[in-house]
Amino acid sequence: MANQQPGNHLHPESLLIHGGIDGDARTGAVSVPIYQTSTYRQAGLGENNGYEYSRTGNPTREALEKLIAELEEGTAGFAFASGMAAITAVLLLFRSGDKLLISSNVYGGTFRVLDKVFKPFGLAYEIVDTSSLGTVESRIDPTVKALLIESPANPLLTVTDIAAVSALAKKHHLLTIVDNTFMTPYLQRPLTLGADIVVHSATKYLGGHSDLVAGLAVVKDSVLAERLAFLQNATGGILEPFDSWLLIRGIKTLSVRLDRHLENAAFLATFLREHPAVKKVYYPGLPDFPGYDIQNGQARGAGAIISFVLDEQYDIRAFFKSVRLITLGESLGGVESLVCHPASMTHASIPYEIRRKVGIVDQLIRLSVGIENKQDIADDLQAAFRQALSAKTST
Ligand SMILES: *Cc1c(COP(=O)(O)O)cnc(C)c1O
């Protein structure tokens, strides 16, 4: 697959389209072919063209892995069957007796795999407020081997200073792992800020069309790259060729999609903040949001996830029943606007007490702003608020 390498001199918008392995050298096809094969003919013992078995290596997956490595400015990328498979492979880098410090609002599934799968094997975790550097430092002991952060974190959009936390981690010889799902490399590149490992649920913005489930991991260090390659092959949670192709296809339009996502989100954050139905808006693009300056310094935009607290005068069940254009559903990052109820959906696996402590209250709504017409989205919210108010006043 020796195709022309466009190299890193390209701007992100171009790299999204031409990065990794661009097209097919043999036929000139501009789209990377789907190599739907499990195995490869070997000319003789020990003679092959670089591929032996598709769990170990597949040209379509390889094109995607090279692409995400370039986009994140790492040296090696790995594609998995889901974000959780990618995170699981990364967690397998650690051993019994090790401890990880994790952001207080990490993705519910990340918390669940740590608590229910890895803890019984002896891998410990502790939840810390990674937006406070002093708190992180006070929790570091000899068993701590890594920090696992999301910034902005889900669903309260808490911003962590990735460069500062990575520097602190380096000082204590810890790895920094960043879940970059909410930002994508178009908006934020954690490896350039000092992080060691980036993980993605590519199911979200990278895929972008709510039509596949996929995960990615990227590293810079060659020893880490070798260990992750080993783990990917040994445990086998790989992304299949068709979904690898679909994800490459999604990534090509990431810049135009995200530019529109950002425009719509800025408009809707202001709309929500001014609306009497809304008690509080969480969005790192609002100038008085805590972490606004850090977000501006480390990312190209605030993303398109907005969380807000519905006033108690409004019935939350009626709100979710009443949205029409906006879909009630799990997930985020697709072209269509989605709302969810973190307390009973994405963060239900987090115990009630912890949820309340970190601010995931029952009136909290998370909106993944799509790329529809922004006024249509606002009108849909407005109509649902009206229904939610009359549901409450009529009971
Ligand atoms: C969705 C998500 C995951 C899990 O990814 P899957 O592709 O659903 O397995 C991990 N982290 C974040 C931030 C997510 O939003």
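Tutor: A polar contact is a pair of N or O atoms within 3.5 Å. Keep that cut-off in mind, and remember that this is a predicted model.

Student: How far does a backbone N or O atom of Met-84 lie from an oxygen atom of the ligand?

Tutor: The distance is 2.9 Å, and the cut-off for a polar contact is 3.5 Å. Side chains take part as well: a polar side-chain atom of Ser-201 lies 2.8 Å from an oxygen atom of the ligand. For Thr-203, a polar side-chain atom is 2.7 Å from a ligand oxygen atom.

Student: How much of the ligand's accessible area does the protein cover?

Tutor: On its own the ligand has 380 Å² of accessible area, and the protein covers 92% of that.

Student: How many residues surround the ligand, and which are the closest?

Tutor: There are 14 residues around the ligand, and the closest are Gly-83, Asp-179, Ser-201, Thr-203 and Lys-204. By type, the shell divides into 6 nonpolar, 5 polar and 3 charged residues. Helix H3, residues 83–91, gives the most to this shell, with 3 residues.

Student: Now the sheets. In what order do the strands of the sheet of 7 strands stand?

Tutor: To read a sheet, list its strands by position across it rather than by number. Here the order is S1-S7-S6-S5-S4-S2-S3; the sheet is open and its pairing is mixed.

Student: Why is one side of S1 and of S3 left without a neighbour in the sheet?

Tutor: Strand S1 (76–80) and strand S3 (124–128) are at the edges and have a single partner strand each, so one side of each lacks a neighbour in the sheet. From one strand to the next, the twist averages 20°.

Student: Which strands touch helix H8?

Tutor: Helix H8 (residues 222–235) packs on this sheet and touches S1, S5, S6 and S7. The direction of H8 makes about 20° with that of S1.

Student: How do strands S2 and S4 run, parallel or antiparallel?

Tutor: They run parallel, and 4 bridges join S2 (residues 99–103) to S4 (residues 144–150). Ile-102 has Leu-148 in S4 as its bridge partner.

Student: What is the strand order in the open sheet of 5 strands?

Tutor: That order is S8-S9-S12-S11-S10, again with mixed pairing. Strands S8 (278–282) and S10 (327–328) stand at the edges, each with a single partner strand, so each has one side without a neighbour in the sheet. Helix H10 (residues 254–274) packs on this sheet, touching S8, S9 and S12.

Student: How many bridges join S9 to S12?

Tutor: There are 5 bridges between S9 (residues 305–310) and S12 (residues 364–368), and these strands run antiparallel. Opposite Phe-308 stands Ile-365 in S12.

Notes: Residues are numbered from 1 along each chain as its sequence is written. This is a predicted model: local features need pLDDT of at least 70, side-chain atom pairs count only at pLDDT 80 or more; totals for chains, interfaces and linings use all residues. Side-chain values use heavy atoms; hydrogens and water are left out. Two strands pair if DSSP finds at least two bridges between them. Helices (H or I, at least four residues) and strands (E, at least two) are DSSP runs, numbered from the N terminus. Axes are lines fitted to C-alpha atoms, for helices over the stretch in contact, and angles run from 0 to 180 degrees between N-to-C directions. Contact means heavy atoms within 4.5 Å. A residue is near a molecule or strand if one of its heavy atoms lies within 4 Å of it. A polar contact is a pair of N or O atoms within 3.5 Å; within protein, one must be able to donate a hydrogen and the other to accept it, and residues adjacent in sequence count only if both atoms are side-chain atoms. Accessible areas come from the Shrake-Rupley method with a 1.4 Å probe; for residues, only the protein chains shown count as cover. Ala, Val, Leu, Ile, Met, Phe, Trp, Tyr, Cys and Pro count as nonpolar, Asp, Glu, Lys and Arg as charged, and the others, Gly among them, as polar.
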